[in-house]
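Biologist: Could you take me through one part of this model up close? I'd like to look at a charged pair and then follow the salt bridges and the packing from there.

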Amino acid sequence: MPTNRGKVFSVGQVNAYIHGLFVSDYLLRNLCVRGEVSNLKYHSSGHIYFTLKDASGTLSCIMFAGSVSRGLSFRMREGDEVLATGSVSVWERGGTYQLYATRIEKAGVGLLNEKYEALKKKLEEMGLFSEVYKQRIPKYIKRLGVVTAPTGAAIRDIINVATRRNPFVEIILYPALVQGEGAKESVCRGIRALDSLGDNNPSEKIDVILIGRGGGSLEDLWAFNEEEVAQAVFDCRTPIISAVGHETDTVITDYVADLRAPTPSAGAELAVFDVSQYLRDVTGMGEKLTASMTGQLLRAKNLVQGYQNRVAAFSPKTRLAGEKTQLVRSFERLDALMQAKLLSAKQELLVEDRIQQAMERKLTERSHALQLYAQRLDGVSPLKRLSGGYAFVEDHTGRALTHAGDAAPGDLLSIHLRDGKILARTEEVVPEKRGQGQES
């Protein structure tokens, strides 16, 4: 029998449509749900399946393995009150919706975190965290005050580290409650008690106060996040170190204290100096001081010696001795110069004598040569021949006649004798016959 009906959808289409509605709803994409854990199952794949319930209903939840390592810091148990943060979506295959959690924390922790952040902001605005108010931790201390529980690992670690570094340090413990009801009042009393120890007797004064405890949850450490404790730390006149929990734990007193230590053991190391290192430092400084003093004395000695040398250099005795030495050296140089001059003069005289003798020898030799030349000239002198009856004949041009043939009859001749000349004219030229032993 036909019926009136609209378009027919498949189950998958309906689930997909509903899934789209969930995804498009901004509120369902990031919300925090509070409830009690039930039906808890840790799967071998690493996923966690559970249900959140309260008086009004239940909500299926799942936390994938990838989110567990980042968003869950404790192991959930049935009945835990938790805050689960994530998104609500539809599992299309099963047709059910569930919360996909990315972060889970105990319900009380969420409120404590909000309270912690609010107090931190308030105290920071008040200036309790400012570096202006931080005191310097003394490098060498004699008395260490400790505010912590009298039993537990924290006090044992503090004592072991402190006495190992300095067996002579005095540790004053104020046994305080560090967890639960009355803890904040106990910690405040301990800080004030140790801070006032030196008021009546300065020898009892504490050099540094260390407050802290071992690790634990945020609720366990909450005494050090109370405003009263933070104010007591800020008002403390003695330098104070906050050493609470493990290295990853941070409490309000860490910001207010003069110094923050990651653990109680580290706090003891920061507060108490190492005696062995101190002795090594003192020895090293002593050696440096000795070397410095030795150097200073040596420089002073050299300086005094320099002044003594300068004074001695300007004394009359030294000056007279110096002038005497200079005078002697001057006389020696003058004597040497004179000796050199005399030697030079002697050498010059010897040279002059040699030159004189050489000149005389040359003159004698030249004189003898001249005499020989004179004798030779005299032997060939025309005058001498003229004086022996010979005559010198020239024609009218002044040309000497050496042969009879040089003249012709009628030529005018000049006949030179020893005491004058005779002018004559040639009448006849008579050549001499050859063969009589005369040249032509």
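Modeller: Happy to! Let's start with Asp254 and Arg260, whose side chains meet in a salt bridge at 3.4 Å, N to O. Please keep in mind that this is a predicted model. Asp254 has a relative accessible area of 8%, and because buried means under 20%, Asp254 is buried. Its partner Arg260 counts as partly exposed, at 30% relative accessibility. Elsewhere, Asp195, Asp199 and Arg237 are joined into one network by salt bridges that share partners.

A search of the whole structure finds 9 salt bridges, and two others are worth a visit. In one of them, the side chains of Glu269 and Arg164 meet at 3.9 Å, N to O. Glu269 belongs to helix H9 (residues 264–271) and Arg164 to helix H5 (residues 153–165), so this pair ties together parts that are 105 residues apart in sequence. Here Arg164 is exposed, with a relative accessible area of 54%, while Glu269 counts as partly exposed at 39% relative accessibility.

In the other, the side chains of Lys184 and Glu228 form a salt bridge of 3.3 Å, N to O. Lys184 sits in helix H6 and Glu228 in helix H7, so the pair ties together parts that are 44 residues apart in sequence. Both ends count as partly exposed: Lys184 at 23% relative accessibility and Glu228 at 40%.

Now for the packing. The largest nonpolar core has 34 residues, and those with the most contacts inside it are Val147, Ile191, Ile209, Ile211, Phe224 and Val233. Among the elements that each supply at least two residues of this core are helix H6 (183–195), helix H7 (227–235) and helix H8 (252–256). H6 gives the most, with 5 residues. So H6 and H7, which the Lys184–Glu228 pair ties together, both contribute to this core, and Asp254 falls within the residue range of H8.

Ile209 is a good residue to zoom in on. Leaving aside its neighbours within four places in sequence, Ile209 is in contact with residues including Val147, Ile191, Leu194 and Asp195. That brings us back to Asp195, a member of the salt-bridge network with Asp199 and Arg237.

A second, separate core of 20 residues includes Val33, Val37, Cys61 and Val88. Cys61 stands opposite Leu99 in strand E5, and 2 bridges join strand E3 (residues 57–63) to E5 (residues 96–106), the two running parallel.

Technical notes
Residues are numbered from 1 along each chain as its sequence is written. This is a predicted model: local features need pLDDT of at least 70, side-chain atom pairs count only at pLDDT 80 or more; totals for chains, interfaces and linings use all residues. Side-chain values use heavy atoms; hydrogens and water are left out. Two strands pair if DSSP finds at least two bridges between them. Helices (H or I, at least four residues) and strands (E, at least two) are DSSP runs, numbered from the N terminus. A nonpolar core is a set of buried Ala, Val, Leu, Ile, Met, Phe, Trp, Tyr and Cys residues joined through side-chain atoms within 4.5 Å. Buried means under 20% relative accessible area, exposed over 50%, partly exposed in between (1.4 Å probe, protein chains only). Contact means heavy atoms within 4.5 Å. A salt bridge is a side-chain nitrogen of Lys or Arg within 4 Å of a carboxyl oxygen of Asp or Glu.
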